[in-house]
Structures are given as C-alpha cells and as structure tokens.
Amino acid sequence: MADEREILSADDIRQALVRMAHEIVERNQGAHALMLVGLQRRGVPLAHRVADAIADFEQVEVPVGALDINLYRDDLTSRPQPLVRPTTLPAGLDGTRVVLVDDVLFTGRSIRAAMDALMDHGRPDSIQLAALIDRGHRELPVRADYVGKNVPTSLDEIVEVRLIEVDGYDGVDLVPRAVRSVKP
Amino acid sequence: MTSQAPAEPIALPATTLAPRRHVLDLDDFSRTEIDIVLDTALAMREVLDRDIKKVPSLRGKVILTLFLEPSTRTRVSFEQAGKMLSADVINIAGSGSSAEKGESLLNTTLTLQAMHADLIVVRHPQAGAPYFMARHLSRTGIINAGDGRHAHPTQALLDLMTMRRHLGSLDGKKVVIVGDLLHSRVARSNVFGLAAMGARVVISGPPTLIPLDLSRTSHSQGSLGGAAYEPDLDAAMDDADVVMALRLQTERQTAGMLPSVREYTRRWQVTEARMGRAKPSALVMHPGPVNEGIELSSSLAHGVASVIEEQVTNGVAIRMAILYQLLTGGELQTA
C-alpha cells in the first residue's frame, strides 16, 4: 500500500525537541525544580533528549524519570496488554514541576493514566505535558503544553514514531492501519 | 516516504500469556512465557517499594484463595499481591468451610464459579486437584499454589526470578537442588522451569528421597528434563552457581526413609565447608520454612550468600505478575 508518508525527518525531530526544550525553560522561568518524566516506551528517550538540550543551552542537569502507565490503563480487559516496564523516578516528586513527555498525544487516556500514576508517587507542584506529535481525536479534556508538530489524522491512520534508542533510526510516519509494521 | 520500515502484517511481539487461563505447573511454559512473567514481576517490584503500595489494575476483580493445607507465606503472598493490584481477595480455609461437611471438590469449585470469582488460587493435599478443578471451570481461572507432592509453579517462578536478578541469564548455569526431592513439589516445578531457561540441574540427597523417575533417568534426558543425580553432595557442589536446600519434611519421615536425621545432617546439610566447592559468588536458596541446623546451617541461612528473604519479596512480585497476566488483556482488535 502506497499511502505511507513521512511527517518528520530525523532533523525535524531534533529541531522540534530543541524548540520544545526552550519553551519549557521559558514557561518555567528557568530549569529550577523541573523534572522530565518520559512515558514508557518512546517517551523515555525523548525526555532524555530534551534534558540534553536544556543542559546544552542552560547548563542545568534536569532530572529524568521513566513512567509506565500500564497498571493504570482504563482498557486493561479490552485489548492485549503490552509488557509492563519499570517505573523509575530520580527523586521525590513533592515540590517539583513535572513535565510529562510522550511521543504521540491521541485520545488523552494515556495522559489521564500517567497523571494517576504520578500522583501515587507524590505531589508535584504542577504537571505539564510535552508531546512530539499531537494527532487530535481527544476523548478526554487533555491538552499539551508543548507540541513538536500538530498533525491532522484520520482514525484509519497510525502515527509511527521511530527513535534511534528503540528502533535504530529516527523518523515519524503516517501509515494506514492495515499495513502497520512491527513495533516492539 | 521512509524506506527503512518494511510494511508487514500485524505481528506484535509476545507480551502476554494469553490465551492461558490457568497456571497449573511450569511443564507447559515456554521460555518466552517465563521471561514475560519475570519481566512483569520486575516492574511489580517497583510497586512494592513505594510508600503507597497500590495500583488500580485489577479493580473489580474477585480472587478466592482456597487453601486446604496449612500455609502462611504462600497464602499471605497471594493475598498481598491481589490487594496491591486492587483486586478483592477472599480467603477460604479448609476448616470452617463446607469441605468439613463433606462437600465434594467439584461442588465447591462450581459454587465458587457461580459466585463469579475471576480466579481461584488453590492449595490441595492431593496431586492433580487443581487440574481437576480447571477441567470443570468454564469461566474462572485456576492457579496452583501447591498440590500434594506434585507442583508449585509460582514458587519455582520466584526462584527463577531471584536467580536471574543475581546471575543474569540462566543459560548453562549449574543449579544444585539438595534434600527431600521425593516430597518436594517445589523441586519438581523448579526442574521444569530451570530446564526451560537452559540451566543445568544437579540433584542430590538420600536415594530413598529421590523419586524413581529421577534417579532412573540420571545423566540422560528423562521425564524431569534431564536433571542429573549425584548422591555425594560434596561432588555435586563443584562449581555450582546456585545451591537450593529443600526442607526435610520431618512430619513425613515416619516411613523409615532415613536412618536418622543426624545421618542426613552429616551427609547432606549445606554447610560453609561445602559451599567452598561452589563458585565464590554462589547463591544459597531455600523455599522455607528452614529447619536451621538440619538441611542448612544457621550461619549460611543468615549469611551474605543467602537470598532467602529476597525470595519471599520476589514471591509477592511474581504473584502480582501472574494475577495481572491472567486477569487483564482482551482479544486483539482486528484493525
């Protein structure tokens, strides 16, 4: 099938993440008390890349955590469940400004689950959301504070984010559902 | 267009035990399935370490524990695991239940299913009882928490998890299991699990306490996955990565299978001197409860090589993983 098209190249991803890193620091008036928390699985390397960008221009090491939301999903009995991966948070959450980082913002249900999961670990001062792709079709009142790219999509399409750390190369494609390729 | 990503039909990697509804023993578990359980259990350990030890995954699920034989750690471990995942856990003991009035296991089983239990965790003195129950259940799942001297799969899984955390891959690792193999469901399940993970199993102990199918098939591919039998514990310990002592079931020693506990202790107790023959980093394991000074010396049971307490902690994580795997997941949506 021929309808696969590229949304972001490796370069586009890098530029988008650097821009988002600047926006995060600007909005929070510095990197003080920030913590970047990536959603397993591809949100985690994205969070590290944003932290690296902030370290570059702000000379501040922002702590990075990894959050698995599978134990908090609302569809645990209606689909095959993915592997539960470990949650690791670098420090207590109390008094921090958490920025959740995910690859694709879609229905908003993952973010709902992520906020519940986060609250079980402590009480951050605030939670913000950064998504590399916002593809629309929200089912909950959730919006991103920082977006790499807004992409209008149909429900018959899948946004495939590939990252070097997981997949061996960088790129974001829009793919018809029927030809979805293997994604671990 | 990217050329790197070939378009293929949906072939997601295995992440679930589906369509499995019961866990009866490890003899039908593939290596992939065991890895899924151990990986999930690692994530569950993180929940155990939290201040607030609860996640909502199994909200609204009902788990019954039916223990028709005494047990503290296994029953509490299952109950704790279920509660940390937000399931409702109801405990049924043998005494005080209708089993005392002579209700058959079949009727008890069907009654519990009719109450819409999602899962029954059963311990039964008769080998095979959980299989019998599973055959008659159309909706409810069964977890075998020990049936007679036959199997105890969640104990074996927690042992595998503990070994993997310390040794990495179990491929080619030498695991010595010593003691009363004849009465040990823990050992039987472990032999299957270890074989699936590629470990080399050597068993040791008095010939009278080694099951016939094991001693007959020593040094060859046998019904117990090719475990080797070495009656001399000193020889068995050479270069071992793991030494697992089994509880000498003194309540079952009336049949004259041992000359005396003293002789057993002299020849088969795991001691510091004998550990000297194993690898320096070798682990000391025991399924508990330990008869200190009989199958295992007190100093080893509480020494640095001992992972006995970690086994208990990992047991909760393994049971959380099994409950989660059996009670979540649905059909793959054809998209």
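Hi everyone, let's start right at a contact: in chain B, B:Ile34, B:Val37, B:Leu38 and B:Ala41 of helix H1(B) meet B:Leu157, B:Leu160, B:Met161 and B:Arg164 of helix H5(B). Being in contact here requires C-beta atoms, placed from the backbone, that lie within 7 Å of each other. The residues of this contact divide into seven nonpolar, no polar and one charged. For those classes, Ala, Val, Leu, Ile, Met, Phe, Trp, Tyr, Cys and Pro are nonpolar, Asp, Glu, Lys and Arg are charged, and the others, Gly among them, are polar.

A word on the ground rules. This is a predicted model, where local features need pLDDT of at least 70 and side-chain atom pairs count only at pLDDT 80 or more, while totals for chains, interfaces and linings use all residues. Residues are numbered from 1 along each chain as its sequence is written, and chains are lettered from A and ligands numbered from 1 in the order in which they are written. Helices (H or I, at least four residues) and strands (E, at least two) are DSSP runs, numbered from the N terminus.

Back to our two helices. How do the axes of H1 (residues 31–48) and H5 (residues 153–167) of chain B cross? They come within 10 Å and cross at roughly 70 degrees. The axes are lines fitted to C-alpha atoms, for helices over the stretch in contact, and the angles run from 0 to 180 degrees between N-to-C directions. H1(B) and H5(B) are therefore roughly perpendicular to each other; that label covers 65 to 115 degrees, with under 35 roughly parallel, over 145 roughly antiparallel and the rest oblique.

Now zoom out to the domains of chain B. The assignment gives domain 1 (31–151 + 313–327) and domain 2 (153–311), with bounds from an automatic or database domain assignment. Taken over C-alpha atoms, the centres of the two domains of chain B are 26 Å apart. Across the boundary, 21 residues of domain 1 of chain B are in contact with 20 residues of domain 2 of chain B. On the domain 1 side that touches domain 2, H1, strand E4 (141–147) and helix H12 (308–327) of chain B each supply at least two residues. Which of them gives the largest share? That is H12(B), with six residues. By class, this side of domain 1 of chain B has nine nonpolar, seven polar and five charged residues.

Over to chain A, and a sheet. Three strands form an open sheet in the order E1-E8-E7 of chain A, with antiparallel pairing; two strands pair if DSSP finds at least two bridges between them. Strand E1 (5–8) and strand E7 (157–162) of chain A stand at the edges with a single partner strand each, so one side of each has no neighbour in the sheet. Six bridges join E7(A) to strand E8 (residues 171–176) of chain A. One bridge partner to look for is A:Leu174 in E8(A), which sits opposite A:Val159.

Finally, some backbone details. The peptide bond from B:Gly288 to B:Pro289 is cis, with omega near -10 degrees. A:Gln29 has a positive phi, near 50 degrees, though it is a residue other than glycine. Is A:Gln29 buried or exposed? It is exposed, with 7 other C-beta atoms within 10 Å; 20 or more would make a residue buried, 12 or fewer exposed, and anything in between partly exposed, with C-beta atoms placed from the backbone. Thanks for listening!

Technical notes
Two residues are in contact if their C-beta atoms, placed from the backbone, lie within 7 Å.
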